[in-house]
Each structure stands twice: as structure tokens, then as C-alpha cells.
Amino acid sequence: MGQLGVQLTPWTDSRQLVGLARRLSDVADIMWVQDQMLARNVYALLGAIAYAGCGVGTNVTYPTGRNPIEMASALATIAELAPDDCELLVGLGTGGALVDSLFRKDRPVAAARESIQLMRALWSGARVGLDEYPALSAALGCKPGAVAELTYPVARAPQIVVAGVGPKILAVAGACADGLISPSNLPTLSRAALLTGEFAEISGLGRAQAARPPELPPLRLIFGINVSVSADRKRAREYARRQVALVAGNPRLWPDLERVGLDIESAGAVKNAFDQGLGIDGAAAQCSEALADALIVSGTPDECIPAMAELRDLAAAQGYTDFYVGAPLGPDPGEAADHLVTSVVPALWPGHGRARS
């Protein structure tokens, strides 16, 4: 049986997030936490959640604007806090819109690849010459000939799984990482893509698998089903539409929307609303129900369960073995957690979390 996770967003009070993680660990194995640089710190949250007895993972972090040497030490420290029977995973990408708005992204794919290699070398106990990582050394301003070595042994090196949709980052995932994260709220990983009959090509999964060296184990494939659930159907669906507007308003994703037959006209109206200064509420009002439903499952628990089951089965047919319930979860995080624990997860993935033992 693969692992089951839940993705938490860092927009809630830290103590509440740790409490939600404890609650959700009754039915899930891993608490994935988003890395939003200007929100609550992902590594501090992961440490607290791990010490509370949960498996944890970043979903996702990135090297741009961060120091991968410090990332390696932070993650190794978190591994010491997690129970022996729980996993620590590092979801890594090149960074999204926030990172784009704050930093120059020089050679982002090379930085991701070198971060994987550097963190693993540090976890192995090696003395690492930083000149061997030119993209990172340039970004960090490392001195020529500088050497880094952790001062403590790492008993459990985390697995590294990559998130991304571009051909270069997918090739890095196949060649270097332990696995691949695929969230259903991106057009090329959505239900529409899964139903094309060409998912391996459209999603890039085939590219990642083709880049896999034969001496390495198969990629661990992790599929995220993005959900907004509440007893208040209208509120759940409105909240989902706000999240979809952030995806639909990005013109770089429009070719992907068009490729899988999603509502490109609605996406244009969403961007126009943003351009006119109408904010997230104005943009969400322009997002069609069809587009919102294509990228995020939303509604009451009884509505969400069959839609999630369909996505689970479609993804499993493509070789995905691990799953997570993805953000936004719902307009009220506590209520959403209650629905996941009492009805949604037991109906779809029984026997996970503390229920497994």
C-alpha cells in the first residue's frame, strides 16, 4: 500500500496547524506543508509537526532565494524529530509566482538539480567542494575552493521528490530524484489530461521515466487531488474558485489549458479582472464553474468523494501509488479536517495513519 498525505497551507496560526496535523494523522501518513516564503516558515512547521508524531514533507520547497546548505541541515534536523516509523520527504521545485516576483531565477533547473546532489552529499557525511555546484555557488556567492560538511551524522536521509511540469525539470526528476509529485490543479495533470488517452505525453510523465537510469529504482509517483470541502456547498465551491483563479490567470498555463480542452475564454476573463485591479474576488467571479471543477474538486463530502475516487483510479491506472489530499482543503481548515477524518478519507483510503497500526 502506498502512502497517503494531506497538504497544509501556512496561512493559519502555527499552533492550529500542528493541531490539524495531529488530527489528520489519524487517517494520513504524511503532512505535506507548502513553502510560501512570506508566510509561516515551512521548516519550523515541519519540525513541530514531526515532533508531534507525524510523517512530514515539503510540498514544495525550492533553492531560489534559499541556501541549500542550510536546507540540508534543517531537513536532517527534522528527520531526528520524526518518529522512526514516519517518513520525511522533500518536495522540490523551481519556485512559483512568489519566487518569480522576488528573485532573478538564473538557471533554476540547474539550481534544482545541484540542490538534490548537494543535499544528498551532505547527508552522506561527505566533505563537499562547492565549486562542483556552479549554479548554486554563483547564486550564493561562495568563495572559490569553499568546502562544506555537516558536523553531525544523518541517520535517515530524506527522499527527494520533484514537482514541475516543464520538460527540463521533469528530466531532472527522472535522472536525479526519488520520485515525482503531480497535483491535479495543474492543467496537464488534471482530470481532463487523464482522460485524453495521452497522459504520459501531456503530463511529461513519459519524459521523466525515459530519463530514469536503469540502475536506479523506479520513480515513486505521488498524485495530489486538490479539494475544497465543506457542509456549506456554496462556500466550498466559491473558495475553490478563488484558488483556480490564481492558476487560470497565469497566461503561461493557457497553452496547457487549451491542450486538454479546458475553458480558455474564462481564463482570459480572469486575467482581465486581475489587470483591472479587481483582486482575487473579482477574478474568481469570472472563473467558470466548468474550469473550477476541472482543477479542484469542491462541494460537500458526499459530492467530493465520488469525484476524488474517479481521480484516484485514473491516476492509479497511470502508475501512481502514493496520493495526497491537496490544498486548499476547504474554507474552514478545522471543518475540512473533520470531514476528511470522519468520512472522506475512510471512504477512499481506509487503513492509513494511526488506523494502519
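**Notebook: aromatic pairs and nonpolar cores**

I counted five aromatic pairs in this structure, which is a predicted model.

I looked first at Phe 223 and Tyr 320. Their rings form an edge-to-face pair, with 5.2 Å centre to centre and 65° between the planes. I placed Phe 223 in strand β9 (residues 220-229) and Tyr 320 in the loop between α16 (301-317) and β11 (322-329), so this pair ties together parts that are 97 residues apart in sequence. I found both Phe 223 and Tyr 320 to be buried.

I then examined Phe 323 and Trp 349. The ring centres are 5.9 Å apart and the planes stand at 35°, so I recorded the pair as tilted. Phe 323 belongs to strand β11 and Trp 349 to the segment after α17 (333-348), so parts 26 residues apart in sequence are tied together. Phe 323 and Trp 349 are both buried. I noted that ring pairs link Phe 199, Phe 223, Tyr 320, Phe 323 and Trp 349 into a cluster.

I turned next to the nonpolar cores. The largest has 109 residues, and Trp 123 and Met 308 have the most contacts inside it. Helix α5 (residues 108-123) gives the most to this core, nine residues. A second, separate core has eight residues, among them Trp 32, Leu 89, Val 161 and Tyr 324. Beyond four places in sequence, Met 308 touches Ile 225, Val 227, Val 297, Val 325, Val 344, Leu 348 and Trp 349.

Finally, I checked Ala 112, which is found in helix α5. Is Ala 112 buried or exposed? Its relative accessible area is 2%, so I entered Ala 112 as buried, the cut-off being under 20%. Leaving aside neighbours within four places in sequence, Ala 112 is in contact with Pro 63, Leu 92, Gly 93, Thr 94 and Ile 169. The C-alpha atoms of Ala 112 and Thr 94 are separated by 6.3 Å, although these residues are 18 residues apart along the chain.

Methods:
Residues numbered from 1 in each chain as written. Predicted model: local features only at pLDDT ≥ 70, side-chain atom pairs only at ≥ 80, totals over all residues. Heavy atoms only, no water. Core = buried A, V, L, I, M, F, W, Y, C linked by side-chain atoms within 4.5 Å. Buried < 20%, exposed > 50% of the residue type's maximum accessible area, 1.4 Å probe, protein only. Helix = DSSP H or I, 4+ residues; strand = E, 2+ residues; numbered from the N terminus. Contact = heavy atoms within 4.5 Å. Phe/Tyr/Trp six-rings, centres within 6.5 Å; stacked < 30°, edge-to-face > 60°.
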